[in-house]
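Visitor: I have a model open and want to go through it with you. Can we start with the ground rules and then take it piece by piece?

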Amino acid sequence: MVFYSILYNRGVYPEESFAKVKKYGLPMLLTQDEGVKSFITNLTAQLSGKSVFVCDAFKSILITSSHSENEIVGKEWLEAGKLQRVVMVIMSKATNEVLERWNFSIETDSDVVEKGVSREKSDREIMREIQAIMRQIASSITYLPCLDEPCVFDVLAYTDTDVAVPFTWIESDPKLIANPQMVKLHSFDTKIHKVDTLVSYKNDEWDEQ
Amino acid sequence: MWVQGEKRVLDAPRLRNDYYSNIMSWGINNILAVALGPELYLWNSEDQAVHKLLQVRGGNDWPTSVTWSEDASTLAVGYMCSNLQLWDVESSKLIRSLQGHSGRIASTAWNGHILTSGSRDKSIINHDVRAANSLASCIKRHADEVCGLKWSTEGNRLASGGNENLLYIWEASKMSSSKFLHRLSDHCAAVKALAWCPYQNNVLASGGGLSDGCIKIWNTEKGICINNIETKAQICGLEWNRHHKEILSGHGYSITENQNKLCLWRYPSMTKVGELGNHKSRIINLCQSPDGITVISAGADETLRFWDVFGPPTAGAGNSMVSDLQGLLSFRTSLLR
């Protein structure tokens with residue numbers, strides 16, 4: 001859902017291709033575009049492992065957008081605490097230059113993963129934190145440079161090196177931005193994972209003056 | 001709330017962990033047909049004999065739906081590669097193959113001599129199995145895979161659930177791509193679990209997938225939802241108790257509660273009577289015995305678990321019933337049912 005939200009707010013896909021759905025008290029957006037949907041489905045299903053992505057709450061967001069009731073057979077990166085970071089990059093369709101990079105760093109509470117300890121946190125609290133992130137993403141349009149050319153996006157997953165990678169994923173370069181501007185968003189924290197969000201974007205020429 | 005242990009556990013190796021399949025059916029001949037991977041087995045509940053009916057070779061095809069005809073004379077088997085077969089189980093022979101779909105057949109339902117199939121190709125086909133040209137009608141209305149199909153007990157209405165979260169009610173006499181009785185869009189996830197109420201005409205229960213987790217009770221006459229319960233877990237099956245006014249839901253994934261459990265709800269109040277569940281991973285399918293006493297849950301943990309949750313037919317029975325109810329922690333609860 002966070003990915004969808006980013007796409008809409010950054011104008012990567014035209015507004016008409018999204019259908020509005022109300023969840024978590026904020027209007028959420030689901031894409032109608034088949035290509036995007038199947039990409040995200042495959043991606044989030046992969047990331048979801050045993051239907052957990054990042055944390056309980058984040059999981060529900062991504063599962064709702066994955067449009068599949070199944071898990072993909074593959075290594076449960078997340079549950080085993082082996083998923084370190086998920087990055088979404090927005091690139092110019094024409095030049096493949098990376099214009100924006102949304103970085104979600106994931107810190108897994110090893111006590112929870114290894115010893116099955118569970119921390120107390122109400123669903124309400126978690127939901128409030130998610131809403132805060134959604135609002136931040138939405139408000140990012142005020143300070144991020146406009147993307148006024150056709151763009152494409154890609155998602156990168158950083159895992160521990162001992163993880164077996166399902167065949168639908170390929171090795172990638174990190175797609176970094178040279179001399180980026182960076183903005184750190186709120187982090188959010190649930191019973192198992194803490195997620196930090198960082199946006200880096202290409203320096204707008206006007207900023208230099 | 002009471003918690004009951006299962007009566008029996010059968011190993012189900014290679015049972016596919018696929019939410020959309022309906023790979024289990026218990027016929028009135030007391031034979032349970034269940035597809036495990038590329039093989040289809042028959043288990044006789046009277047003598048526990050096991051017989052392998054078929055095996056698909058090659059590795060890229062397998063049964064995705066299994067349903068006994070109402071008189072258990074024929075077993076319908078739908079496949080991943082879109083084939084639909086009718087089997088005579090007495091002779092272990094394939095009677096015929098039915099064509100029409102271009103995607104896997106994950107849901108099938110019988111209505112007398114009509115076999116209805118729902119597919120990933122988004123269409124519903126009604127086959128008249130007596131006719132040489134079996135295709136009676138093809139309904140193209142769903143926008144995604146048809147994963148739930150159930151004919152009402154009287155055979156006048158069909159409920160179809162899709163992966164696009166829609167539930168359609170059809171009149172048997174007036175089925176066509178544009179003519180549905182109701183289009184119900186209340187669910188927010190795939191609608192696979194469907195069950196018609198045995199004691200109230202035209203009342204249907206539907207269950208939603210992971211982002212929904214709701215059991216909705218419908219008056220299909222008026223097309224309105226008369227009750228809604230949030231179970232907070234993916235619903236893979238619903239079974240009505242014919243002996244007491246209750247309904248059982250089977251669950252898969254959840255982010256909060258009821259994960260991998262079976263929940264029993266009183267009807268019509270929909271208060272929770274109890275829950276069962278020893279499955280180590282999600283429940284994929286439910287079915288009930290012909291005598292309406294036992295429910296089987298098929299789990300991704302490759303087990304079939306039998307629960308005598310719907311009996312006994314008469315409450316408050318004497319000592320002869322005690323051995324059957326030994327699993328119950330609270331015997332008194334059953335008397336009040």
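Guide: What follows goes through the ground rules, a pocket, two sheets, some backbone oddities and a record annotation.

Visitor: What kind of model is it, and how are things numbered?

Guide: This is a predicted model, in which local features need pLDDT of at least 70 and side-chain atom pairs count only at pLDDT 80 or more, while totals for chains, interfaces and linings use all residues. Residues are numbered from 1 along each chain as its sequence is written, chains are lettered from A and ligands numbered from 1 in the order in which they are written, and side-chain values use heavy atoms, with hydrogens and water left out.

Visitor: What volume does the largest pocket have?

Guide: About 1,200 Å³. A pocket here is an open set of points on a 1 Å grid over the protein atoms alone, where a 1.4 Å probe fits and protein lies on both sides within 12 Å along at least five of seven lines. The points are joined across faces, edges and corners, and the volume is the space filled by probe spheres set on them.

Visitor: Which residues are closest to its centre?

Guide: Trp26(B), Thr67(B), Lys150(B), Glu239(B) and Gln288(B), out of 41 that line the largest pocket. A lining residue has an atom within 4 Å of a point.

Visitor: And which elements give two or more residues to that lining?

Guide: Strand 2 (24–26), strand 6 (63–68), strand 10 (105–111), strand 14 (146–151), strand 18 (191–196), strand 22 (233–241) and strand 26 (283–288) of chain B. Strands are DSSP runs of E with at least two residues, and helices are runs of H or I with at least four, numbered from the N terminus.

Visitor: How do the lining residues divide into nonpolar, polar and charged?

Guide: The lining has 21 nonpolar, 15 polar and 5 charged residues. Ala, Val, Leu, Ile, Met, Phe, Trp, Tyr, Cys and Pro count as nonpolar, Asp, Glu, Lys and Arg as charged, and the others, Gly among them, as polar.

Visitor: Strand 10 was on that list. Which sheet is it in?

Guide: Strand 10 belongs to an open sheet of 4 strands in chain B, ordered 10-11-12-13 with antiparallel pairing. Strand 10 and strand 13 of chain B are the edges; each has a single partner strand, so one side of each has no neighbour in the sheet. The twist from one strand to the next averages 15°, taken between lines fitted to C-alpha atoms, with angles between N-to-C directions running from 0 to 180 degrees.

Visitor: How many bridges hold the pairs?

Guide: Strand 10 pairs with strand 11 (residues 114–119) of chain B over 6 bridges, and Ser107(B) has Gly118(B) as its bridge partner there. Strand 12 (residues 123–128) and strand 13 (residues 135–140) of chain B are joined by 5 bridges, with Asn126(B) opposite Ser137(B). A hairpin of 6 residues links strand 12 to strand 13 of chain B. Two strands count as paired if DSSP finds at least two bridges between them.

Visitor: What about strand 14?

Guide: Strand 14 is in another listed open sheet of 4 strands, order 14-15-16-17 in chain B, with antiparallel pairing. Strand 14 and strand 17 (182–184) of chain B are its edge strands.

Visitor: Changing topic. Where is the cis peptide bond?

Guide: From Tyr267(B) to Pro268(B), with omega near 5°. Pro268(B) sits in the loop between strand 24 (262–266) and strand 25 (272–276) of chain B. Most peptide bonds are trans.

Visitor: Which residues have a positive phi without being glycine?

Guide: Ser92(B), at about 55°, and Lys232(B), at about 65°. Lys232(B) is in the loop between strand 21 (224–230) and strand 22 of chain B.

Visitor: Is Lys232(B) buried, exposed or in between?

Guide: Lys232(B) is partly exposed at 39% relative accessibility; buried means under 20%, exposed over 50%, and partly exposed in between, with a 1.4 Å probe and protein chains only. Glu257(B) is 25 residues from Lys232(B) in sequence but 6.2 Å away, C-alpha to C-alpha. Glu257(B) is also partly exposed, at 42%.

Visitor: Last one: where does UniProt place the WD repeat?

Guide: An unreviewed UniProt entry puts "repeat: WD" at residues 56–97, 139–180 and 276–309 of chain B. Such annotations may be inferred rather than shown by experiment. In residues 276–309 of chain B, the end C-alpha atoms lie 9 Å apart, and the span is 0% helix and 50% strand.
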